[in-house]
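Me: Hi! I have a protein model open and could use some help reading it. Can we go through it together?

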Amino acid sequence: MTRPGRTAATKQKLFDAALRLVGERGAAGVTVDEIAAEAGVAKGTVYYNFASKDALVDALLRHGVDLLAARLKAAEEQDDTAAAMASLVDGMLGFFAEYPAFGQLLVSELWRTPGQWHDTLSLLRDDIVSIVRGQMQRLSDAGLLPEGVQVGTASAALFGTLLVIALDWQVFQPERSLADVRESVLSLVRGLRPG
């Protein structure tokens with residue numbers, strides 16, 4: 001008989017350990033033995049919870065994107081487009097401030113060609129960009145996107161911009177506050193509006 005609370009706690013330990021290691025060296029550079037040691041569990045525990053290292057990394061990517069998506073969906077609750085955009089920026093920057101290694105993993109695996117997790121990442125990227133797209137569509141409908149800018153392009157650009165800015169902040173400018181980075185991003189977004 002399994003214990004759901006214990007299994008969930010073990011999986012979280014494995015996610016945390018894998019995220020730390022994968023964030024430092026990339027998924028290909030980490031072994032199951034290293035993940036188990038970092039999590040403080042036996043190697044068999046990894047295989048009990050996940051069929052393989054690849055399955056663990058796949059689940060880790062899905063878990064992280066689910067957490068990020070939940071934060072970004074808060075923007076959908078805002079009636080005002082400016083407040084919704086601020087909520088979207090807050091959600092993404094806050095997530096990557098809390099999980100900087102996930103940002104490193106996401107960037108490294110998104111740009112690895114061809115990546116082992118390319119299919120999974122494509123689906124997960126589409127999930128996040130679709131949330132951003134919803135907010136960009138609201139801006140477009142309100143006449144707040146420059147003429148000729150396609151919603152899909154603006155959505156991918158904002159997602160990429162926020163991801164890179166969050167990593168740049170964490171790696172090269174950690175002394176900056178979240179509020180400062182947030183305001184810089186929002187100023188940039190406001191500056192792109194027509195007229």
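Reply: Sure, let's talk through the domains, the contacts between them and the annotated regions. One thing to keep in mind is that this is a predicted model.

Me: Great. Which domains is the chain divided into?

Reply: There are two to look at: domain 1 covers residues 1–50, and domain 2 covers residues 54–190. Their centres, taken over C-alpha atoms, are separated by 26 Å.

Me: And how many residues of each are in contact?

Reply: Domain 1 puts 13 residues in contact with 14 residues of domain 2.

Me: How much area is buried between domain 1 and domain 2?

Reply: About 1,100 Å², and carbon and sulfur atoms give 84% of that. On the domain 1 side, F15, L19 and F50 supply 47% of the area buried against domain 2, more than any other three residues.

Me: Why talk about area at all when describing an interface?

Reply: The size of an interface is often given as the accessible area lost when the parts come together.

Me: OK, what about charges? How many salt bridges cross between domain 1 and domain 2?

Reply: Zero salt bridges are found across that interface. The count of residue pairs in polar contact between domain 1 and domain 2 is also zero, looking at pairs with both residues at pLDDT 80 or more.

Me: So which helix gives the largest share of domain 1's touching side?

Reply: That is helix α1, residues 4–25, with eight residues on the side that touches domain 2. Sorted by class, that side of domain 1 has nine nonpolar, three polar and one charged residues.

Me: Switching topic: how many salt bridges are there in the whole structure?

Reply: A search of the whole structure gives nine. One of them joins the side chains of E38 and R20, at 2.8 Å from N to O.

Me: What does the E38 and R20 pair tie together?

Reply: E38 lies in helix α2 (residues 32–39) and R20 in helix α1, so the pair ties together parts that are 18 residues apart in sequence.

Me: Last thing: which residues does the "DNA-binding region" annotation cover?

Reply: In UniProt, an unreviewed entry places that annotation on residues 31–50. In the model, this span is 75% helix and 0% strand, and its end C-alpha atoms lie 14 Å apart.

Me: And where is the "domain: HTH tetR-type" annotation?

Reply: The unreviewed UniProt entry puts it on residues 8–68. Residues 8–68 are 80% helix and 0% strand, with end C-alpha atoms 19 Å apart.

Conventions
Residues numbered from 1 in each chain as written. Predicted model: local features only at pLDDT ≥ 70, side-chain atom pairs only at ≥ 80, totals over all residues. Heavy atoms only, no water. Domains from an automatic or database assignment. Contact = heavy atoms within 4.5 Å. Buried area = accessible area lost by both parts, 1.4 Å probe. Salt bridge = Lys/Arg side-chain N within 4 Å of Asp/Glu carboxyl O. Polar contact = N/O pair within 3.5 Å; in protein donor to acceptor, adjacent residues only side chain to side chain. Helix = DSSP H or I, 4+ residues; strand = E, 2+ residues; numbered from the N terminus. Nonpolar A, V, L, I, M, F, W, Y, C, P; charged D, E, K, R; others polar. UniProt positions renumbered as here; feature names shortened; annotations may be inferred.
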